[in-house]
Amino acid sequence: MNHDHGMAAPPLSMNGTSGMHYGKKMMMMHMTFFWGKDAEILFSGWSGRRLGGGMYALALIFIFFLAFLVEWISHSRLIKPGGANNVWAGVVQSLLHTVRVGLAYLVMLAVMSFNGGVFLMAISGHMLGFLLFGSRVFKRNMDILSSEKTSDLPPMSC
């Protein structure tokens, strides 16, 4: 019994890419990590082929900033404790959660470009963000020993 509904997987080439036809345009997808500025990251306009290395560098900085921002949001205290309006605090907390998840998905999609530079910048952004906002490096001893909540949002989990 054939369960693929007439759809066959595109064949892999020798360099680990897979091609898909969209009309008359051939789109290449990498299935292994690669190095180079000729990558489409998040948007088709962010391609190093047409615009050179400047757009690739901008994309790397953008991915670093997104990953850094995810860590900042994950460890921030933006909602004042003991507020009288729990509904408003819940709405703000839900909005923060939505923004954090959306940014994390953008970082994930960028990493799925399989570009080594993008991968390293995403990890570097998460590392620096956690170092500054989540680790014990910049916390006072009283903050570490305190059992109170350290952020508005629960930890991210899959």
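# A tour from Glu71 outwards

Select Glu71 to begin: with a relative accessibility of 13%, Glu71 counts as buried. Keep in mind as you click around that this is a predicted model. Glu71 sits in helix 2, so colour that helix to keep your bearings.

**Around Glu71**

Which residues does Glu71 touch, once you leave aside its neighbours within four places in sequence? Show His126, Gly129, Phe130 and Phe133, and you have its contacts. Now add Gly125 and draw a distance between C-alpha atoms: Glu71 and Gly125 are 54 residues apart along the chain, yet these atoms are separated by 8.3 Å.

**Zoom out to the whole chain**

Switch to a cartoon view for a moment. The protein chain has five helices and two strands. Start at the N terminus and follow the ribbon, and the order you meet is β-β-α-α-α-α-α. The chain has 158 residues, and 26% of them count as buried; Glu71 is one of the buried ones.

If you turn on a surface, its accessible area comes to about 11200 Å², with 68% of that belonging to carbon and sulfur atoms. As for contacts between residues at least 6 apart in sequence, 59% join residues at least 24 apart.

**Helix 2 against helix 3**

Next, select residues 53-74, which is helix 2, and residues 86-111, which is helix 3. Helix 2 and helix 3 pack at an angle of about 150 degrees, and their axes are 9 Å apart. Because of that angle, helix 2 is roughly antiparallel to helix 3. The crossing of the pair is left-handed.

To see what makes the contact, show side chains on both partners:

- From helix 2, pick Ile63, Leu66, Ala67, Leu69, Val70, Ile73 and Ser74.
- From helix 3, pick Leu96, Val99, Arg100, Leu103, Ala104, Leu106, Val107 and Ala110.

Colour this set by residue type and you get 13 nonpolar, one polar and one charged.

**Helix 3 against helix 4**

Keep helix 3 on screen and add helix 4, residues 116-133. How do the axes of helix 3 and helix 4 cross? They come within 8 Å and cross at roughly 150 degrees, which means that helix 3 is roughly antiparallel to helix 4. This crossing, too, is left-handed.

Helix 3 brings Val107, Ala110 and Val111 to the contact, while helix 4 brings Val118, Phe119, Ala122 and His126. By type, these residues divide into six nonpolar, one polar and no charged. Several names here should ring a bell. Val107 and Ala110 also take part in the contact with helix 2, and His126 is one of the residues in contact with Glu71.

**The loop at Phe114**

Move to the loop between helix 3 and helix 4 and pick Phe114. What is there to see in its backbone? Phi of Phe114 is near 65 degrees, a positive value in a residue other than glycine. Is the residue buried or partly exposed? Phe114 is partly exposed, with a relative accessible area of 27%.

**Last stop: Ala59**

Finish by going back to helix 2 and selecting Ala59. Ala59 is buried, with a relative accessible area of 1%. Show Lys37 as well: the C-alpha atoms of Ala59 and Lys37 are separated by 9.9 Å, and the two residues are 22 apart along the chain.

How values were computed
Residues numbered from 1 in each chain as written. Predicted model: local features only at pLDDT ≥ 70, side-chain atom pairs only at ≥ 80, totals over all residues. Heavy atoms only, no water. Helix = DSSP H or I, 4+ residues; strand = E, 2+ residues; numbered from the N terminus. Buried < 20%, exposed > 50% of the residue type's maximum accessible area, 1.4 Å probe, protein only. Contact = heavy atoms within 4.5 Å. Areas by Shrake-Rupley, 256 points an atom, 1.4 Å probe, with all protein chains shown as cover. Axes fitted to C-alpha atoms, helices over the stretch in contact; angles between N-to-C directions. Parallel < 35°, antiparallel > 145°, perpendicular 65-115°, else oblique. Left-handed = near helix turned anticlockwise from the far one by under 90°. Nonpolar A, V, L, I, M, F, W, Y, C, P; charged D, E, K, R; others polar.
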